[in-house]
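Colleague: Got a minute to go through this one with me? I'd like to hear the reasoning behind the labels.

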Amino acid sequence: MGEVGSLNRGKSKHRPRNDPRLYGGKYPFIQTGDVAKAGLFLEKHNQTYSEFGIEQSKLWSKGTLVITIAANIAETSILNINAAFPDSIIGFESQNADMIFIKNAIDHLSNKLKSKAETSSQANLNLAKLSELKIVVPSFEEQTSIGVFFNQLENLITQNGRKIDLLKQLKQAYLQQIFSQELRFAGFNDTWEQRKLGEVFKYEQPTKYIVKSTEYDEKFDIPVLTAGKSFVLGYTNEITGIKNATVENPVVIFDDFTTGSHYVDFPFKIKSSAMKLLSLSDYADNFYFMFNTLKNIKYVPQSHERHWISKFSEFEICKPTVAEQEKIGLLFKQLDSLIALHQQKLDLLKKQKQAYLQKMFI
């Protein structure tokens with residue numbers, strides 16, 4: 001790397017770093033978290049530097065490749081603005097290298113870079129080790145072609161990510177407007193009835209569905225679920241103790257401690273007993289409407305306790321007629337299907353990018 005271009009740490013000469021004279025001006029000041037979130041090009045930042053701050057530091061040019069060496073190790077991005085940054089970030093500049101190519105070469109070696117991080121109370125890289133990092137560099141013309149290819153791929157990833165964000169924002173807006181009855185489908189004007197959530201859903205303890213072995217394998221058929229963000233933990237070949245949820249008879253898995261929940265319409269097993277399995281008390285109700293009623297409850301757990309019986313079952317919700325439930329439930333199901341479709345595209349694009357990195361930078 002040191003032969004391809006120049007690497008220098010950001011400057012933080014002034015002490016103390018929390019001196020108010022440093023901040024609040026017109027100059028972007030980026031930090032390691034900004035780089036980690038940025039993607040290919042970095043523009044967004046939460047902090048600015050004053051004239052005094054720039055005098056104590058350095059304003060780096062647009063087009064500089066930035067590499068984090070502390071906190072978020074080996075994250076990279078290309079500055080799309082002139083900006084200052086601290087000594088926890090290294091700036092790479094070169095007149096003879098394509099920055100998108102170099103960024104992807106470093107991303108391919110990110111695990112190697114992380115392993116080079118110093119072992120201390122906080123892992124960090126040093127400038128010397130990054131300068132000595134060996135990368136394979138083709139001609140500038142080939143670098144540029146590869147850079148253009150990855151730029152196009154990154155644009156597709158960004159576009160799909162934005163579509164997902166917009167769809168999620170649209171769904172949140174509909175949730176707020178529909179459940180406040182500010183927005184209703186034409187032809188419906190009946191008063192919504194108040195019910196307790198525990199009257200709408202009945203629960204089942206999950207003990208008999210707990211997986212015995214955690215030796216998961218993708219070739220097995222039955223998913224093992226959690227109500228947390230990961231949702232599918234793996235797949236098991238166990239054939240007993242399966243919860244046979246279906247499209248006609250779905251369930252909600254509800255984490256009794258975190259209050260996270262997922263809609264499930266396929267057979268599954270679970271990892272732990274720290275959840276409830278919820279189904280409708282009245283099968284005339286629309287399941288997807290009631291699931292979104294549950295998801296729309298704004299509650300942040302305050303303590304490590306089981307929440308279904310003590311809290312959620314007592315929450316009061318408003319329930320429209322079954323016909324209106326079905327209209328609303330269908331709307332949210334279509335939105336969730338669109339979000340899932342774009343998420344699948346995004347995941348596929350990210351896998352393709354990793355495969356190309358592996359093949360091009362082998």
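Modeller: Sure, and keep in mind that this is a predicted model. Let's start where Ile100, Phe101 and Asn104 of H3 meet Gln143, Ile146, Gly147, Phe150 and Asn151 of H6.

Colleague: What makes the residues of that contact divide by class the way they do?

Modeller: The contact of H3 with H6 has four nonpolar, four polar and no charged residues. Ile and Phe count as nonpolar, while Gly is among the polar ones.

Colleague: And why is H3 called roughly perpendicular to H6?

Modeller: Helix H3 (residues 99-108) and helix H6 (residues 140-179) pack at about 75°, their axes 7 Å apart. Angles of 65 to 115 degrees count as roughly perpendicular, so H3 gets that label against H6.

Colleague: What about H8 and H9, how are they packed?

Modeller: Helix H8 (residues 287-295) and helix H9 (residues 322-360) have axes 7 Å apart, at an angle of about 70°. That value lies in the 65 to 115 range, so H8 is roughly perpendicular to H9. On the H8 side, Tyr288, Phe289, Met290 and Asn292 make the contact, and the H9 side includes Ile328 and Phe332. By class, the residues are five nonpolar, three polar and two charged.

Colleague: Now Ile54: how do you know whether it is buried or exposed?

Modeller: Its relative accessible area is 15%. Buried means under 20%, so Ile54 is buried. Ile54 sits in helix H2 (residues 51-56).

Colleague: Which residues does Ile54 touch, leaving aside neighbours within four places in sequence?

Modeller: Tyr27, Tyr49, Leu59 and Ala84 are in contact with Ile54.

Note on methods
Residues are numbered from 1 along each chain as its sequence is written. This is a predicted model: local features need pLDDT of at least 70, side-chain atom pairs count only at pLDDT 80 or more; totals for chains, interfaces and linings use all residues. Side-chain values use heavy atoms; hydrogens and water are left out. Helices (H or I, at least four residues) and strands (E, at least two) are DSSP runs, numbered from the N terminus. Buried means under 20% relative accessible area, exposed over 50%, partly exposed in between (1.4 Å probe, protein chains only). Contact means heavy atoms within 4.5 Å. Axes are lines fitted to C-alpha atoms, for helices over the stretch in contact, and angles run from 0 to 180 degrees between N-to-C directions. Angles under 35 degrees count as roughly parallel, over 145 as roughly antiparallel, 65 to 115 as roughly perpendicular and the rest as oblique.
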